[in-house]
Each structure stands twice: as C-alpha cells, then as structure tokens.
Amino acid sequence: EDKKLVEELVKRQIPLTVCPLSNIRLGVFNSIEKHNIKEMLDAGLNVSVNSDDPAYFGGHVNENLLAVQKAFNLTKEEICTLVKNSIIGSFLSSDEKERIINIIEADFHLVKQ
C-alpha cells in the first residue's frame, strides 16, 4: 500500500518471507486467489514462499508453492525466482548461495546455453 516503501524494498532487495496458506488461515486474505504474492513478485520485490507451523496452518513450503502456482498460473521462471529468492535471503555465504542458485537454474532448465 505504501509506494515509497515498496520502491525502497525493491531498490535494497530486502527479503520478504510470505506464508500464503497461513495468511489464508489467519484471515489476512479470504482466499489464495486474493493473495498479493503475484503483485509482489511482479513489482520486483525479493519475495519468497515459506511456511508457518505446517501442522497448524496447513502446508509445508512445497504445498504453499503449489497453492500459489495453481492460483496464479505462475510460470516456471516465476517459481524459480521464488525459490532463488529464498536462497538469496538466507544466511548462507555468497559462494554457497551462488552454488545453490546454479543448481536451481539447472534444475529449472534456465541456464543459458
């Protein structure tokens, strides 16, 4: 809602963790289709899909990813971006992040030949 904040978050690439299924369960959004994760991704925010207490809120990371993919018909590239963003936002070393991102891109067949 705050355009200046969004601009700053994009500029600084501050990681934002989103737990879509728990957001629904907590009433932040009425349905997965009403979630703003696609808008966040399209805005260039460093957003990643995560999970809160899966036993209580329903859904591990893979189930959260599947839910948003289905709701928004996300492309392979968009899913890859969400996964890579989680690595970028981690506490891994730069070398380890780069190594894992290369693996992810290869798995998603996004490595340029």
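1. Leaving aside neighbours within four places in sequence, Asn 85 is in contact with Leu 45, Asn 46, Val 47 and Ser 48. The model is a predicted one, and the points below should be read with that in mind. Asn 85 lies in helix 6. Its relative accessible area is 8%, so Asn 85 counts as buried. Of its contacts, Val 47 recurs below, as one of the residues with the most contacts inside the largest nonpolar core.

2. Which residues of helix 6 are buried? They are Glu 78, Ile 79, Cys 80, Leu 82, Asn 85 and Ile 87. The list holds Glu 78 and Asn 85 beside residues such as Ile 79 and Leu 82. These buried residues pack against helix 3, strand 2, helix 5 and helix 7. Helix 6 runs over residues 76-88, and strand 2 over residues 47-49.

3. The length of helix 6 can be checked against its residue count. Helix 6 has 13 residues and, at 1.5 Å a residue, should span 18 Å; the C-alpha atoms at its ends are 18 Å apart, so the two values agree.

4. The largest nonpolar core has 21 residues. Ile 37, Val 47, Val 49, Val 68, Leu 74, Ile 79 and Leu 82 have the most contacts inside this core. Which elements give two or more residues to the core? They are helix 3, strand 2, helix 5 (61-72), helix 6 and helix 7 (94-107). In soluble globular proteins, nonpolar side chains tend to be buried together.

5. Ile 37 deserves a separate entry. This residue is found in helix 3, which covers residues 37-42. Is Ile 37 buried or exposed? Its relative accessible area is 2%, and the cut-off for a buried residue is under 20%, so Ile 37 is buried. Not counting residues up to four places away in sequence, Ile 37 touches Val 18, Pro 20, Val 47, Val 49, Val 68, Phe 72 and Leu 82. Among these partners, Val 47, Val 49, Val 68 and Leu 82 are also listed with Ile 37 as having the most contacts inside the core. Cys 80 stands 43 residues from Ile 37 along the chain, and the C-alpha atoms of the two are separated by 14 Å.

6. How many salt bridges does the structure hold? There are six. Three of them are described in this point and the next. Lys 11 forms a salt bridge with Glu 8, with 4.0 Å between the closest N and O atoms. Arg 12 also pairs with Glu 8 in a salt bridge, the closest N and O atoms being 3.9 Å apart. Lys 11 and Glu 8 are three residues apart in helix 1 (residues 3-12), about one turn of the helix. Arg 12 and Glu 8 are four residues apart in helix 1, again about one turn. An α-helix has 3.6 residues a turn, so residues three or four places apart point the same way. As for accessibility, Lys 11 is exposed at 66% and Arg 12 is exposed at 55%, whereas Glu 8 is partly exposed at 31%.

7. In helix 7, Arg 99 forms a salt bridge with Glu 96, and the closest N and O atoms are 2.7 Å apart. Because Arg 99 and Glu 96 are three residues apart in helix 7, about one helical turn separates them. Arg 99 is partly exposed, with a relative accessible area of 43%; Glu 96 is partly exposed too, at 28%. Salt bridges with shared partners join Glu 8, Lys 11 and Arg 12 into one network.

8. Two backbone entries concern positive phi values. Gln 13, a residue other than glycine, has a positive phi near 50 degrees. Its place is in the loop between helix 1 and strand 1 (16-18). With 35% relative accessibility, Gln 13 counts as partly exposed. Asn 73 is not a glycine either, yet its phi is positive, at about 50 degrees. This residue is in the loop between helix 5 and helix 6. Is Asn 73 buried or exposed? Its relative accessibility is 62%, over the 50% cut-off, so Asn 73 counts as exposed.

Notes
Residues are numbered from 1 along each chain as its sequence is written. This is a predicted model: local features need pLDDT of at least 70, side-chain atom pairs count only at pLDDT 80 or more; totals for chains, interfaces and linings use all residues. Side-chain values use heavy atoms; hydrogens and water are left out. Buried means under 20% relative accessible area, exposed over 50%, partly exposed in between (1.4 Å probe, protein chains only). Contact means heavy atoms within 4.5 Å. A nonpolar core is a set of buried Ala, Val, Leu, Ile, Met, Phe, Trp, Tyr and Cys residues joined through side-chain atoms within 4.5 Å. A salt bridge is a side-chain nitrogen of Lys or Arg within 4 Å of a carboxyl oxygen of Asp or Glu. The expected span of a helix is 1.5 Å times one less than its number of residues.
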